[in-house]
Amino acid sequence: MSPQGGGEVSAQDRDIQVIVADDQEIARTGLRMILDAQPGIEVVGEAGDGRRAVELAQRLRPDVCLFDIRMPRLDGIEATRRLAGPGVADPLAVVVITTFDLDEYVYAALRAGARGFLLKDAGPDLLAQAVRAAADGDALIAPNITARLLQTFAYSGRATAPAQPREALTLREEEILATVARGRTNNEIADELHISLSTVKSHIASLMLKLGVRNRVEIAMWAYETKRVKL
């Protein structure tokens, strides 16, 4: 959808385009109704299997892909990898949503490049938050699993030691790192540290560059892998 008015706009100033993929029609319908009821969010496509989801996403280039994990033909994890994995030149934002709070699913989804993870009982508000966060380059993992997930994930059989920063982190970057690892959004970090949103984004961009990672989920994983943050 074209933005209203002139000039450049962010995802927060225009409709966020979403595609929904779930093998259950009733689930897709429910997700579409929830998201279409949110101001500034528009569902532009649906898919009942992972292969169709990838084809739709590559054709439509939505702001956010909302994928179930268990789907026929291609599961949500592989669909995520094809659209957002390490080898993808222009990755899309993918949020994984599932009924199953199983660690192995979450680990695999995050490794595949997912920018967020929610359970289907998260509720409309959290679902909308996750979509908005992903569209704005942020990330959201269900708060009830964030710390447990990331810490366990960080210690789950990594074969090599985590890479050291390309440059030493500043004290402020260490603070930002800790808040990201606790699952805070950019707005929450700005409020907590009493700094502007643009400053938060600048520090996160610097962290990604120094750590050699592509998103804030990977920043959080690095924080746990290096034991910068503990439960």
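Two residues are in contact here when heavy atoms of theirs lie within 4.5 Å. Keep that in mind as we walk through this structure, which is a predicted model.

Let's begin with a loop residue, Gln38. You'll find Gln38 in the loop between helix 1 (25–36) and strand 2 (41–47). Leave out residues up to four places away in sequence, and Gln38 touches Pro124, Ala128 and Arg132. Does being in a loop leave Gln38 buried or exposed? Gln38 is buried, with a relative accessible area of 18%, and the cut-off for buried is under 20%.

Now step back into helix 1, where Leu35 lies. Leu35 has a relative accessible area of 0%, so it counts as buried. And what does Leu35 touch, once its neighbours within four places in sequence are set aside? The list is Val18, Val20, Ile41, Val43, Leu66, Leu127 and Val131. Two of these, Ile41 and Val43, are in contact with Leu35 and fall in the stretch 41–47, which is strand 2. As for Val20, it sits 15 residues from Leu35 along the chain, and the C-alpha atoms of the two are separated by 9.8 Å.

Time for a wider look. The protein is built with 10 helices and six strands. It has 231 residues, and 50% of them count as buried. Take the contacts with a separation of 6 or more: 66% of them come from residues 24 or more positions apart. On the outside, the protein exposes about 11,000 Å², with carbon and sulfur atoms supplying 49% of that.

Next, the strands. Strand 4 covers residues 93–98, and six of its six residues are buried, so the rest of the structure largely encloses it. Both of its faces are covered: Ala93, Val95 and Ile97 are buried on one side, and Val94, Val96 and Thr98 are buried on the other. Which strands pair with strand 4? Strand 3 pairs with it in the parallel sense over five bridges, and strand 5 (residues 116–119) does so in the parallel sense over four bridges. To find these pairings in the picture, look for Val64, whose bridge partner in strand 4 is Ala93, and for Ile97, which stands opposite Leu118 in strand 5. There is a helix to add as well: strand 3, helix 3 (residues 76–84) and strand 4 make a right-handed β-α-β unit.

Strand 3 runs over residues 64–68 and includes Asp68. According to UniProt, in an unreviewed entry, Asp68 carries the feature "modified residue: 4-aspartylphosphate". In the model Asp68 is buried, at a relative accessible area of 5%. Setting aside neighbours within four places in sequence, Asp68 is in contact with Ala21, Asp22, Asp23, Gly76, Ile97, Thr98 and Lys120. You've met Ile97 and Thr98 already, as buried residues on opposite faces of strand 4.

Carry on past strand 3 and you reach Leu74, in the loop between strand 3 and helix 3. At 7% relative accessibility, Leu74 is another buried loop residue. Not counting residues up to four places away in sequence, it touches Asp49, Gly50, Arg51, Val54, Ala79 and Arg82. Leu74 and Arg52 are 22 residues apart in sequence, with 8.6 Å between them in space, C-alpha to C-alpha.

Let's finish with some of the helices further along the chain. In helix 7, the buried residues are Glu173, Ile176, Leu177, Ala178, Thr179, Val180 and Ala181. Just after helix 7 comes Gly183, with a positive phi of about 85°.

Helix 8 (residues 186–193) has Asn186, Ile189, Ala190 and Leu193 buried. These cover an arc of only 100° around the axis, which puts them on the same side of helix 8. What covers them? Helix 7 (171–181), helix 9 (197–211) and helix 10 (216–225) are included in the cover. After helix 8 comes His194, whose phi is positive, near 60°.

Helix 10 is itself largely enclosed by the rest of the structure, because nine of its 10 residues are buried. Among them are Trp222, Tyr224 and Met221, along with Arg216 and Glu225. Just after helix 10, Lys227 takes a positive phi of about 60°.

Note on methods
Residues numbered from 1 in each chain as written. Predicted model: local features only at pLDDT ≥ 70, side-chain atom pairs only at ≥ 80, totals over all residues. Heavy atoms only, no water. UniProt positions renumbered as here; feature names shortened; annotations may be inferred. Helix = DSSP H or I, 4+ residues; strand = E, 2+ residues; numbered from the N terminus. Buried < 20%, exposed > 50% of the residue type's maximum accessible area, 1.4 Å probe, protein only. Pairing = 2+ DSSP bridges. Right-handed = clockwise from strand over helix to strand, strands pointing away. Areas by Shrake-Rupley, 256 points an atom, 1.4 Å probe, with all protein chains shown as cover. Arc of directions from axis to C-beta.
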